[in-house]
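Subject: Structure for you to look at

Hello,

Here is the structure I promised to pass on. Please open it alongside this note. My findings follow below.

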Amino acid sequence: MSPEMRRAKLAKLIELEGFEDEAALFAAAIADSVCEAICCNPENPDCDYTAEMEPDQDLGWCEECKRGTLVSGLVLGGLI
């Protein structure tokens, strides 16, 4: 995934889940056993399906694309 797509998907995840900024998303994930994740399917870049996943998830199941394309916010942000 390109750095631009990572930034765009992280920004979209923050917007969709109602966080003020990436620091707020990261803080919520660190304080919990799950993290918000967003679909990063390169074949369907407009898919913005989100779900709570393990913090290190980079192949989570997308219910819309029917593929393992969900990536957690911590992975997108480069913290994991």
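The core element is an open sheet of 4 strands, ordered β2-β1-β4-β3 with antiparallel pairing. Its edge strands are β2 and β3 (60-62), each of which pairs on one side only. From one strand to the next, the twist averages 50 degrees. Axes here are lines fitted to C-alpha atoms, for helices over the stretch in contact, and angles run from 0 to 180 degrees between N-to-C directions. Strands (E, at least two residues) and helices (H or I, at least four) are DSSP runs, numbered from the N terminus. Two strands pair if DSSP finds at least two bridges between them.

A word on provenance. This is a predicted model, in which local features need pLDDT of at least 70 and side-chain atom pairs count only at pLDDT 80 or more, while totals for chains, interfaces and linings use all residues. Residues are numbered from 1 along each chain as its sequence is written, and side-chain values use heavy atoms, with hydrogens and water left out.

**The strand pairs**

Strand β1 (residues 35-39) runs antiparallel to β2, and 4 bridges join the two. Glu36 sits opposite Glu52 of β2. β1 is also antiparallel to β4, through 3 bridges. There, Ala37 faces Ser72 of β4.

β3 and strand β4 (residues 67-72) pair over 3 bridges, again in the antiparallel sense. Cys62 has Arg67 of β4 as its bridge partner. Gly60 is matched with Leu70 of β4.

Strand β2 (residues 50-53) has two faces. Ala51 and Met53 point to one face and are buried. Thr50 and Glu52 point to the other and are not buried. Buried means under 20% relative accessible area, exposed means over 50%, and partly exposed lies in between (1.4 Å probe, protein chains only).

**The β3-β4 turn**

β3 and β4 form a hairpin with 4 residues between them. Lys66 lies in this loop. It is not a glycine, yet Lys66 has a positive phi of about 60 degrees. Most residues other than glycine have a negative phi. Glu63 is in the loop between β3 and β4 too. Glu63 is partly exposed, with a relative accessible area of 39%. From C-alpha to C-alpha, Glu63 and Tyr49 are 7.5 Å apart in space, and 14 residues apart in sequence.

**The helices**

Helix α1 (residues 3-17) and helix α2 (residues 22-30) pack at an angle of about 75 degrees, with axes 10 Å apart. The two are therefore roughly perpendicular to each other (65 to 115 degrees; under 35 counts as roughly parallel, over 145 as roughly antiparallel, and the rest as oblique). On the α1 side, the contact is made by Leu10, Leu13 and Ile14. Glu22, Leu25 and Phe26 make it from α2. Contact means heavy atoms within 4.5 Å. By class, this contact has 5 nonpolar, no polar and 1 charged residues. The classes are nonpolar (Ala, Val, Leu, Ile, Met, Phe, Trp, Tyr, Cys and Pro), charged (Asp, Glu, Lys and Arg) and polar (the others, Gly among them).

α1 also lies across β1 and β2, running at about 120 degrees to β1.

**Two buried residues to check**

Start with Lys9, in helix α1. Lys9 counts as buried, at 5% relative accessibility. Its side chain reaches the backbone oxygen of Cys39 at 3.0 Å. A polar atom of the Lys9 side chain also lies 2.6 Å from the backbone oxygen of Cys47. Beyond residues up to four places away in sequence, Lys9 touches Ile38, Cys39, Cys40, Pro45, Cys47, Asp48 and Leu76.

Then look at Asn41, in the loop between β1 and β2. Asn41 is buried, with a relative accessible area of 4%. A polar atom of the Asn41 side chain is 2.9 Å from the backbone nitrogen of Glu43. The side chains of Asn41 and Arg67 are joined by a polar contact of 3.4 Å. A polar contact is a pair of N or O atoms within 3.5 Å; within protein, one must be able to donate a hydrogen and the other to accept it, and residues adjacent in sequence count only if both atoms are side-chain atoms. Leaving out residues up to four places away in sequence, Asn41 touches Met5, Cys65, Arg67 and Thr69.

Best wishes
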